Amino acid sequence: MELQVEDTIQWLEKSNEKIQQNKDYLTALDQAIGDSDHGINMSRGFQEVVNQVKSKQYDTVSDVLKDTAMTLMSKVGGASGPLFGTAFLRFSMRVKGIDPISQDAFTKGMEDALAGIIQRGKAATGEKTMVDVWSPVVDYFKGTTIVQADEVAQTAKKAMEQTKEITATKGRASYFKEKSIGHIDPGAASSFYIFEALSEVIKGEG
Amino acid sequence: MKKIINDPNQVVQDMIEGMIAAYPNELKQISGTTAITRSEAPVQGKVGLVSGGGSGHEPAHAGYVGKGMLDAAVLGEVFTSPTPDQIYEAIKAVDGGNGVFLIIKNYTGDVLNFEMAMELAEADGIQVDKVIVNDDVAVEDSSFTIGRRGIAGTVLVHKIVGAKAEHGATLEEVKTVAEKAAGNIRSIGMALTPCTVPAAGKPSFQLAEDEMEIGIGIHGEAGIERKPITTADEIASELTEKILADMNLNNNEEVAIMVNGLGATPEMELYIINKKVNQLLTEKGIQIYKTFVGEYMTALEMTGCSVTLLKLDDELKELLNAKSEAPAFRN
């Protein structure tokens, strides 16, 4: 795989489409174990991201990702804003000066993004958060010589569905502890849409 | 909903403009943000102090911006943390070359957003450090928090840290005193009636006519117990006992008391509470050094109060007594 500026913008557009389509679903997930605004916040934030990156000319993938980070942190709000914002900011910093993004550079960016989420959210795997989707996806990138688009989406999907079985100990859902079992974590679900969008972009480029 | 507002979505902006109009020589808004700084910011050579959080807790936090207290307050939407870009602008605006210190109430959103802003500022080469205040002894985790919540005690941390920074302390010294103050503070609140977030339009919870809730949070988050309302003396006793159970206070140790109204409690009732708190502490041989009664950290129009105790030593006493010119904390 290789990611250019146009691919990155396409990735964000596809992520936005999926989040807009599933806005009510994300909010419903959050209603079960949170404060029922995840879909609203994420759809507002990603729409702004798309408006932003389509209105400007970019020379580097890093700059696209940096603008994405700044927009998400200022427009999403709540806890998701800084968490997704940190992920894209760290990714952007890691791939600065590299264009286009090779699979190797992408993997390193993902690793830093995950490290940022873990640090910011003070969460580890197995705590029913977005980390439970990001972590296996990062592992997949690290352990694969040639990334297969379908496997990216499948890895993310499986990981998202597994968050159903976890008791929440971090984030707002931890307040609902046992009640959280049986519900997919909203942040895990929106992370899945982002990786599903990525897999479509990878597929599209052949 | 019955409120004196123009548009539920404009309350924060309208309030900021009103505040600046009231204190044109003392305060200014950072353009394009909902952050307020002292008019003389940045003060060269002084550690800059930034706090903030959701709106609806007035006079917290913008009322505590002024000489002797904060350099800036960042105002979020009602009961919602401000975003990192706004906090980052405030940090830059108050950086006088000796670093910036953040005072954060312990709510998940506030901590995430302030820490992210801290990282952005550090990437710019600004030295930033922080203290997280979690003075509420009521509940360990809540719908807004991991760990204890930060409530009215935060105002006394503003006061103490503000005085320290004003005296020319380094970032490290500011942090040391902030951690001491935060470690010595305990609070707990109670409510009789709920409050309504303007954009929501209806109360966030219900209490029956004869019911009160002990340990409630400043956003109406659940506390410890709902039960029939009792007398002020019984309420004051329960709140004080819950604080003392969590605090190591020996005979003859000195404290400051804060009896704080949550927005719609008559001052008369706050003094009635204070009478009993004072009596209980005196009976236990605890020395009352200073008392604050009034509205310091509100929850919109919630009826109720909180009690805060701050254990003092010589340094904290001196800082608590130092001059403050902040609009909501003249000393």
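This is a short walk through a helix pair in chain A and a sheet in chain B.

Okay, ground rules: this is a predicted model, where local features need pLDDT of at least 70, side-chain atom pairs count only at pLDDT 80 or more, and totals for chains, interfaces and linings use all residues. Residues are numbered from 1 along each chain as written, with chains lettered from A and ligands numbered from 1 in the order in which they are written.

Chain A averages a pLDDT (the predictor's confidence in each residue, 0 to 100) of 93. Helices here are DSSP runs of H or I, at least four residues, and strands are E runs of at least two, numbered from the N terminus.

So, the helix pair. H4(A), residues 61-75, packs with H5(A), residues 80-94, at about 165°, their axes 8 Å apart; axes are lines fitted to C-alpha atoms, for helices over the stretch in contact, and angles run from 0 to 180 degrees between N-to-C directions. That makes H4(A) roughly antiparallel to H5(A), the word for angles over 145 degrees. Among the residues making the contact (C-beta atoms, placed from the backbone, within 7 Å) are A:Leu65 and A:Leu72 of H4(A), plus A:Phe84 and A:Phe88 of H5(A).

Over to chain B. There's an open sheet of six strands, order S1-S2-S4-S3-S5-S6, with mixed pairing; strands pair if DSSP finds at least two bridges between them. S1 and S6 of chain B are the edges, each pairing on one side only. S3(B) and S5(B) run parallel over three bridges, and B:Leu49 sits opposite B:Phe101 in S5(B). Helix H4 of chain B, residues 153-166, lies across S3, S5 and S6 of chain B, at about 170° to S5(B).

Terms used:
Two residues are in contact if their C-beta atoms, placed from the backbone, lie within 7 Å. Angles under 35 degrees count as roughly parallel, over 145 as roughly antiparallel, 65 to 115 as roughly perpendicular and the rest as oblique.
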